[in-house]
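Visitor: I have a new structure to look at and would like a guided tour. Can we take it one question at a time?

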Amino acid sequence: MLSIVIPAHNEKENIKGLFNILSTQLKLHPTLQVEVLVILSAGNSDGTEHLQTTGPFHIVKCHGKGRAVQMNLGAQMAKGIILAFLHADSIPPTGFLNNIFETIGDGYGAGLFSYKFDKSGVLLKINEFFTAKDGLFTGAGDQCLFITKTNFNSLGGFNEEQVIMEDFEFWDKIKKNKITYKIVNNDLVVSARKYDYNSYLRVNFTNLVLFLMFKTGFTPEKIKITHNTMLNLPNDNYK
């Protein structure tokens, strides 16, 4: 079984869309065993928990704070031997479920997806290009990490003290422990909404600063303060 864990904070419309997309994919592949766990933040206030759920879809409220806490809770609840961590504002491509099963079936211990943005732009295409390559910035949460539950547990899950760089830290553990992985070149569609509030250069310069702070040992709280100071984001965006 595959367990798709979706941490969410005030993402009701995106969750409804994901349920529809994943339902369609499951109808095309009725033999696949999949469950979908939406883990809401403690501060979620848009009524997502009241959405009607049936079959493999479940919504759970998390009482802890932070996306790492949400994802660890989802992993703990998961019945699957494969875990996939999908952002609520991402759209999985056709073949998404098969890609995950095939990658793990081929003997890889983990994987990521390439992605494209939900709006066009020459500069955005630069970012998109590098998500299909294995490089310094590989491992961002937008790429939908998937991993066997055995490997996830052996690495100790996400570091709940990391309030913003939990995905990069976990990817570092995958590399250090020499877990085999594959980048699936089948683009997720991810939200470019942070570019609606900031310029391309500002977002990417901020990402570089945060990455360097993480690599040089700044505290998670300091990294989060820097993130919030450098970027203009709507008040309900907890990322």
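Visitor: How do the residues lining the largest pocket divide into nonpolar, polar and charged?
Guide: This is a predicted model, so keep that in mind throughout. The pocket's lining has 39 residues. Nine of the lining residues are charged and 12 are polar. The nonpolar ones number 18.

Visitor: How much space lies in the largest pocket?
Guide: Rolling a probe the size of a water molecule over the atoms shows where empty space is left. For the largest pocket, that space comes to about 1000 Å³.

Visitor: Which helix gives the largest share of the pocket's lining?
Guide: Several elements supply at least two lining residues each, including strand 6 (110-117), helix 4 (122-131) and helix 6 (166-176). Helix 7 (194-197) and helix 8 (200-215) do so as well. The largest share is six residues, and they come from helix 8.

Visitor: Which residue makes a side-chain polar contact with D142?
Guide: D142 is among the lining residues nearest the centre of the largest pocket, along with Y115, A140, K194 and N207. Its partner sits in the loop between strand 4 and strand 5. The two side chains are in polar contact at 3.0 Å, and the partner is H87.

Visitor: Is H87 buried or exposed?
Guide: Its relative accessible area is 8%. Buried means under 20%, so H87 falls in that class. The answer for H87 is buried.

Visitor: In what order do the strands of the sheet lie?
Guide: Strands of a sheet pair through backbone hydrogen bonds, either parallel or antiparallel. Here eight strands form an open sheet with mixed pairing. The edge strands, which pair on one side only, are strand 3 (57-61) and strand 5 (90-91). The full order is 3-2-1-4-7-6-8-5.

Visitor: In which sense does strand 4 pair with strand 7?
Guide: Take strand 1 (residues 2-8) to begin with: strand 4 pairs with it in the parallel sense over four bridges. There, S3 stands opposite L83, and I4 stands opposite A84. A84 also has a bridge partner in strand 7, F146. Over three bridges, strand 4 and strand 7 (residues 146-148) pair in the antiparallel sense.

Visitor: Which residues are buried on the two faces of strand 4?
Guide: Strand 4 covers residues 82-85, and both of its faces are covered. One side carries I82 and A84. The other side carries L83 and F85.

Visitor: Which residues share an aromatic cluster with F85?
Guide: F85 is buried on one face of strand 4. Its ring belongs to a single aromatic cluster, together with F152, F158 and F170.

Visitor: What kind of aromatic pair do Y115 and F117 form?
Guide: The model holds 14 aromatic pairs. In this one, the ring centres lie 5.5 Å apart and the planes meet at 75°. Planes over 60 degrees apart count as edge-to-face. Therefore the pair of Y115 and F117 is edge-to-face.

Visitor: Is F130 buried or exposed?
Guide: F130 pairs with F129 at 5.2 Å between centres and 85° between planes, so that pair is edge-to-face. F129 is partly exposed, at 47% relative accessible area. F130 has 54% relative accessibility, so it counts as exposed.

Technical notes
Residues are numbered from 1 along each chain as its sequence is written. This is a predicted model: local features need pLDDT of at least 70, side-chain atom pairs count only at pLDDT 80 or more; totals for chains, interfaces and linings use all residues. Side-chain values use heavy atoms; hydrogens and water are left out. On a 1 Å grid over the protein atoms alone, a cavity is a set of points where a 1.4 Å probe fits but cannot get out, and a pocket is an open set with protein on both sides within 12 Å along at least five of seven lines; lining residues have an atom within 4 Å of a point. Grid points are joined across faces, edges and corners, and a volume is the space filled by probe spheres set on the points. Ala, Val, Leu, Ile, Met, Phe, Trp, Tyr, Cys and Pro count as nonpolar, Asp, Glu, Lys and Arg as charged, and the others, Gly among them, as polar. Buried means under 20% relative accessible area, exposed over 50%, partly exposed in between (1.4 Å probe, protein chains only). Two strands pair if DSSP finds at least two bridges between them. Rings of Phe, Tyr and Trp (its six-membered ring) pair if their centres lie within 6.5 Å; planes under 30 degrees apart count as stacked, over 60 as edge-to-face and the rest as tilted. A polar contact is a pair of N or O atoms within 3.5 Å; within protein, one must be able to donate a hydrogen and the other to accept it, and residues adjacent in sequence count only if both atoms are side-chain atoms.
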